[in-house]
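Visitor: Before we begin, I should like each term to be justified as we go.
Guide: Certainly; let us look at the structure together.

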Amino acid sequence: MTETMPKPNEAARKKTFTPRVDIYETEHDLLLFADMPGVDPNEIELHYERGELRLTGKVKPRSQVGHLVLSEYDLGDFQRSFQIRELIDATRIEAEYKNGVLKISLPKAEAVKPKRVAVKVQ
Amino acid sequence: MFGNRWAPLGQSVWNELQQLQHEVNRAFDHWNETGSLPGLAVFPPMRVWEVEHDVFVEAELPGVQLDQLEIFVTGQSLLTLKGERHLPELGKAVQLRQERGVGKFSRSLTLPTQVDDGRVEAKLENGVLTLRLPKHEGAKPRRINVKAM
C-alpha cells in the first residue's frame, strides 16, 4: 500500500490534516487504523477506485469561546489517500469509527489469497 | 521517519517497535514521507481556554477509552492526564506501517487559575476529552464598585 499525494489545489483548501495510520496485513485482509479525533461519524467518506483508497473525515465544530490560554492543535478535517497494489474485493470493504479511530478492513480478492496446492505423490 | 508522539514508559516495547519501523522503512523505502504529519513532542496535545467562571481543557486522545484514562487535579491548579494506548490484538497480522503512538503517557499542566477540584466534569467523545473545571471562588473576577468622587 503506497501513499498517494493530494493535488495541490486540494491541499491549499482550508485546514486539512493527514491522519496518522497503522496498517496491518492478515491472510484475508488489509487493516488500516487512522487517528481522526473529533470527526463527526456521519461525515466520514471512503472512496475506492482503481486501487486508490481515499479517506476523508469532517471535524465536528466545537465551541471554544473564551480566552485561549494554550493551543497545541488546530481544528480541521482529515484526508489521506493510498494506492493499494493488492487486489481488493471492493464490495466487502468495511469501516467503523470508534473513540476517534477509523478502522478500515479491505478484504483481499479471492484470486490473491494463498491457495493450498495439492502435490501428487508419484 | 515519524516523530514520536509521546515518550512511553515501556522502553523495551518502544525499542522493538522502532526496530520494526526501521525494518519496515527499509523494506518499503519507496514510500514517500511528506513530513506533513505534525511532529508533536507531547501527548496528548491540549487546548486550554478560560471563561468567567470556568477553565476548559480539551485533549486529543484517539483510541483511548475512558477506563484507560486517569485525571488528577493536585493543589487545585495542577492537572495531570495519565493513560495508556494499546495496539489492537490481531493474531498473526503483519504490521506494514506504524505511525500512531503506543504505550503509556502522562502529562501535567498548570492551570491558569485555581479550580474547584470537587466539581470537575469530564467528557470523552470521538477521541476528544473535554474537561470543565469551575474556578475556585477566590480566583473568580470580582467587580469593584468605583465611587464617583
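**Salt bridges between the chains**

Guide: In this predicted model, A:D35 forms a salt bridge with B:R100, with the closest N and O atoms 2.8 Å apart. The pair crosses between chains, from A:D35 in strand β4 (residues 29-35) of chain A to B:R100 in the loop between β5 and β6 of chain B.

Visitor: Why is the pair of A:D35 and B:R100 called a salt bridge?

Guide: The closest N and O atoms of A:D35 and B:R100 are 2.8 Å apart. The rule asks for a side-chain nitrogen of Lys or Arg within 4 Å of a carboxyl oxygen of Asp or Glu. The pair of A:D35 and B:R100 therefore qualifies as a salt bridge.

Visitor: Is A:D35 buried or exposed, and how do you know?

Guide: A:D35 has a relative accessibility of 4%. Buried means under 20%, so A:D35 counts as buried. B:R100, at 8%, is buried by the cut-off of 20% as well.

Visitor: Which other residue forms a salt bridge with B:R100 across the chains, and what makes it one?

Guide: B:R100 also forms a salt bridge with A:D22, the closest N and O atoms being 3.3 Å apart. This pair runs from the loop between β5 (94-98) and β6 (103-110) of chain B to strand β3 (residues 21-25) of chain A. Because the limit is 4 Å, the distance of 3.3 Å satisfies the rule. A:D22 has a relative accessibility of 1% and counts as buried.

Visitor: Which residues are linked with A:D22 in a network of salt bridges?

Guide: The network links A:D22, A:D35, B:R85 and B:R100.

Visitor: What makes the contact of B:R47 with A:D74 a salt bridge?

Guide: The side chains of B:R47 and A:D74 meet at 4.0 Å, N to O, and the rule accepts a pair within 4 Å. The pair is therefore counted as a salt bridge. B:R47 lies in strand β1 (residues 46-50) of chain B and A:D74 in the loop between β7 (67-71) and β8 (77-83) of chain A, so the pair joins two chains.

Visitor: Why is A:D74 called partly exposed?

Guide: A:D74 has a relative accessibility of 37%. Partly exposed covers the range between 20% and 50%, so the term applies to A:D74. Its partner B:R47, at 10%, counts as buried.

Visitor: How many salt bridges are there over all chains?

Guide: The count comes to 19 salt bridges over all chains.

**Around A:V59**

Visitor: What does the side chain of A:D77 reach?

Guide: The side chain of A:D77 reaches the backbone nitrogen of A:V59 at 2.9 Å. A:D77 lies in strand β8 of chain A. With a relative accessible area of 6%, A:D77 is buried.

Visitor: How far apart are A:E43 and A:V59 in sequence and in space?

Guide: A:E43 and A:V59 are 16 residues apart in sequence and 7.9 Å apart in space, C-alpha to C-alpha. A:E43 lies in strand β5 (residues 39-49) of chain A. Leaving aside residues up to four places away in sequence, A:E43 touches A:T56, A:G57 and A:K58.

Visitor: Why is A:E43 called partly exposed?

Guide: The relative accessible area of A:E43 is 36%, and the class lies between 20% and 50%. A:E43 is therefore partly exposed.

**Two loops of chain B**

Visitor: What is to be noted about the phi of B:Q76?

Guide: Phi of B:Q76 is near 65°, a positive value in a residue other than glycine. B:Q76 lies in the loop between β3 (69-74) and β4 (78-85) of chain B. At 24% relative accessibility, B:Q76 counts as partly exposed.

Visitor: Is B:N126 buried or exposed, and what decides it?

Guide: B:N126 has a relative accessible area of 18%. Buried means under 20%, so B:N126 is buried. Its phi is near 50°, again a positive value in a residue other than glycine. B:N126 is found in the loop between β7 (121-125) and β8 (128-134) of chain B.

**The largest pocket**

Visitor: Which residues lie nearest the centre of the largest pocket?

Guide: A:F33, A:V101, B:G63, B:Q65 and B:P88 lie nearest its centre, out of 15 lining residues. The elements that give two or more residues to the lining are β9 (94-98) and β10 (101-107) of chain A. The pocket holds about 370 Å³ of space.

Key:
Residues numbered from 1 in each chain as written. Chains lettered and ligands numbered in written order. Predicted model: local features only at pLDDT ≥ 70, side-chain atom pairs only at ≥ 80, totals over all residues. Heavy atoms only, no water. Helix = DSSP H or I, 4+ residues; strand = E, 2+ residues; numbered from the N terminus. Buried < 20%, exposed > 50% of the residue type's maximum accessible area, 1.4 Å probe, protein only. Polar contact = N/O pair within 3.5 Å; in protein donor to acceptor, adjacent residues only side chain to side chain. Contact = heavy atoms within 4.5 Å. 1 Å grid on protein atoms, 1.4 Å probe; cavity = no way out; pocket = protein on both sides within 12 Å on 5 of 7 lines; lining within 4 Å. Points joined across faces, edges and corners; volume = space filled by probe spheres on them.
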